[in-house]
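Subject: Structure handover

Hello,

Here is the structure I promised to pass on. My notes follow below it.

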Amino acid sequence: MPIKVSKDGKQFHLQAGNTSYAFAIMHDRWPAHAYWGKRVNNVNCDDLIRTTERGFCPTPHGIDGRAISLDTLSHEYPAFGNSDFRSPAIQVKTPDGARICDLVYQGYELVKGKPALDGLPCLHAEDSDNAETLLLTLKDTQIGLKVVLSYTVYAEKSAIIRSAALYNEGGEPITLLRAMSLSLDLPDKDFELVHLYGAHVKERQIAVTPLRYGTQSVESRRGMSSHAHNPFIALKRPHTNEDQGDVYACNLVYSGSFLALAEVDTYDVTRVQMGINPFDFSWEMQPNASFQTPEAVMVYSDSGLNGMSATFHDLYRNRLGHSPWLKKERPIVINNWEATYFSFDETSLKALCDSCTGLGIELFVLDDGWFGKRNDDLRSLGDWVVNQEKLPGGLKTVAENAKNAGLQFGLWFEPEMISPDSDLYRAHPDWAIQVPTRPHSLSRMQCVLDLSREEVRDYVVDSVCKILDSAPISYVKWDANRHLTEVCSAALPAHRQQELWHRYVLGLYDVLERITSRHPEVLFESCSGGGGRFDPGMLYYMPQVWASDCSDAIERLRIQYGTSLCYPVSSMSAHVSVSPNHQVHRQTDFDTRGLVALLCQFGYELNIGALTDEEREQVKQQTALYKQTRHLIADGTLYRLRNPFDGNDFAWMLVSPDKREAVVVYALVLSDPQPCFSRLTLRGLDPNLTYRETNGGTWGGDELMNTGFTLPFLFGDFKARLWHFKAE
Ligand code: DGJ
């Protein structure tokens, strides 16, 4: 089995894929981390877990001498209050005002497979995974707080999945002030921190900074994971590149405010933590109540960032969520947003659908503006009733017109929101998150619904399902265009208001669970002003995300490349939009726009009726090519070949699981008056196979991966090329 426990029950060694993770119970009290890294047969915990006397590092009660301090112990789940001065994994408050928590080891249990988490999205295991979960119980007997740390491993995947469950077994309430999903003490500080920062229309840019003494962190205080920082961090060795070297990465399966940190202490130990953001968080646990943290996915790779990404992609494409669409090829979309914005009616939508006839496009998505009095973004969110002035025949007619043009039908919603100018708000002003005695801040002229309330959740589920039942809708784009401010619920007492951040997320997950399980056949796409909530929590319910509101092909090179560090191409949707582009006004060839989107979930977001005959031909070619290669999006392995954050070009490729097929996309940003000859070497092929490129020419797999091939000179800015290789 992948988890080995020593005979005395004090040493634990988790082996998973290419990684080992080990810790031991020290002094019968504390689980102390020994090793995480490349897989080994044995770990000598006694040698690896070291403590020594150090000034100003207090000794815990019951320990003789001065050589042991929690301040220097590599604790698996350090608590605040009793001598570890570093960042705690847990902090509680008891009615006497004390904030002390002395967690002592009680015992362990091994469970086959992977238990689900109550109310939270999480990875699952299948029988073939030979997965096993270690449950480690710690307890503060004085206050009656029990903490169960969970570690799941899949025999063949280089990942450790961690979470913590907390139980109040005492007689008094316990208030949680902090409860992280993971804490990990790595024995040195020789790392660079990799994370994904960004903004609306500029998501998931890659930042790499050397670790320094003190704490470096990324977080969201916005109530959603957000465009600003993704709940992903990786520590890599300074020499680690795409293909070689060690990486230790963590990703939180959560869609709300989070914190991820790396703290280097004065003894060169690096503490890594990730979980719900403790900022403005508290949670009251009455006697017998429990609290479940989200889970964190920890991936180790000794084959660089590509190796790390391959493990995340494999897990998220195969073990995250239950949508039947998870592993399936997805349809080619035409979305009317950038084609019409709010200015459409039944006739113009029919014309848009008709203009797609014969082009290979498969699904029409009606975006924002079909409901209430939504002729602009100032009103009507919450009023999920079809606008009869624009669409007199209702959604059925729109769907019928799409069907007659050979297209399935999809629809946009923004169900978490409420416009002050809406019938819903006029009926239930208290359903908006706001402090009743203060004016509230608007963002895109809207407020957020209080999903901590059951009646609000019921309203959202009923109104969305009513629409889904009213017409043949096979796709939903679920948008969310603002973050949480003035965080206060009319339904919570004053001392529990700081619970609202997390209660909102739990409420959202409840709504998503109910809607997606009632409509399993629907393909759900998540969106939050583009990729503002691109996290595994949302991916659990919705297997793809509109990666960015920036549809410019050249900006997308970075956005998609950065996103791919953690998330598979099957989760990114990318569309061809008009040139000049609406967000950055850049002019780009139709061909380039197609090739940049082609290795993601593909579609169009422009007025197809306005295309020239030549462009229509290009659409036909693009959709035909996409249909030939989209199985690779579902199950191919991604290799990043040229990094657009480093230079002037970009390349990535997908290789089929049997290595008999590969598709490569290369893009040049700016043209060069004296271009150098540059060879593109590929990855992941079978060195012993011969590959034919569909436009002619054969190469050995070894040749493509070592000599590579010389890139053609591309003249003009923003050019791209694609190669499609098949084994002979
Ligand atoms: C933001 C989304 O990201 C866009 O694609 C579009 O759906 C608009 N919202 C509609 O309001």
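Strand 33 sends its side chains two ways: E661, V663, V665 and A667 point to one side, and A662, V664, Y666 and L668 point to the other. Every one of these residues is buried. Keep in mind that this is a predicted model. The alternation is what one expects, as side chains in a regular strand alternate between the two faces of the sheet. Burial covers 8 of the 8 residues in 661-668, so strand 33 is largely enclosed by the rest of the structure. The cut-off for "buried" here is under 20% relative accessible area.

Which strands pair with strand 33? One is strand 32, residues 649-655, which runs antiparallel to strand 33 and is linked to it by 7 bridges. Within that pairing, A651 has Y666 as its bridge partner. The two strands form a hairpin, with 5 residues between them. K659 sits in the turn and has a positive phi of about 65°. Another is strand 38, residues 719-727. Strand 38 is also antiparallel to strand 33, and 8 bridges join the two. There, V664 stands opposite W723.

Now the N-terminal part of the numbering. An open sheet of 4 strands has the order 1-2-3-4, with antiparallel pairing. Strand 1 (3-5) and strand 4 (30-38) are the edge strands; each has a single partner, so one side of each lacks a neighbour in the sheet. From one strand to the next, the twist averages 15°. Strand 3, residues 19-26, pairs with strand 4 through 8 bridges, in the antiparallel sense. In this pair, I25 stands opposite P31 of strand 4.

Next, the ligand. How many residues surround the ligand? The number is 13, and the closest are D367, D368, K477, D479 and D549. Three polar approaches are worth a look:

- D367 places a polar side-chain atom 2.6 Å from an oxygen atom of the ligand.
- D479 places a polar side-chain atom 2.7 Å from a nitrogen atom of the ligand.
- W546 places a polar side-chain atom 3.3 Å from an oxygen atom of the ligand.

On its own, the ligand exposes 290 Å². The protein buries 98% of that area.

Then helix 7, residues 454-470, which contains V460. Is V460 buried or exposed? Its relative accessibility is 3%, so V460 counts as buried. Leaving out residues up to four places away in sequence, V460 touches P415, L449, L451, W478, V511 and I515. I515 lies 55 residues from V460 along the chain, yet their C-alpha atoms are separated by 9.3 Å.

Last, helix 10, residues 553-563. This helix is mostly covered, with 9 of its 11 residues buried. The buried set is A553, I554, R556, L557, I559, Q560, Y561, G562 and T563. For reading that list, recall that an α-helix has 3.6 residues a turn, so residues three or four places apart point the same way. D552 caps the N-terminal end of helix 10. A side-chain oxygen of D552 lies 3.1 Å from the backbone nitrogen of I554.

Best wishes

Note on methods. Residues are numbered from 1 along each chain as its sequence is written. This is a predicted model: local features need pLDDT of at least 70, side-chain atom pairs count only at pLDDT 80 or more; totals for chains, interfaces and linings use all residues. Side-chain values use heavy atoms; hydrogens and water are left out. Buried means under 20% relative accessible area, exposed over 50%, partly exposed in between (1.4 Å probe, protein chains only). Two strands pair if DSSP finds at least two bridges between them. Axes are lines fitted to C-alpha atoms, for helices over the stretch in contact, and angles run from 0 to 180 degrees between N-to-C directions. Contact means heavy atoms within 4.5 Å. A residue is near a molecule or strand if one of its heavy atoms lies within 4 Å of it. A polar contact is a pair of N or O atoms within 3.5 Å; within protein, one must be able to donate a hydrogen and the other to accept it, and residues adjacent in sequence count only if both atoms are side-chain atoms. Accessible areas come from the Shrake-Rupley method with a 1.4 Å probe; for residues, only the protein chains shown count as cover.
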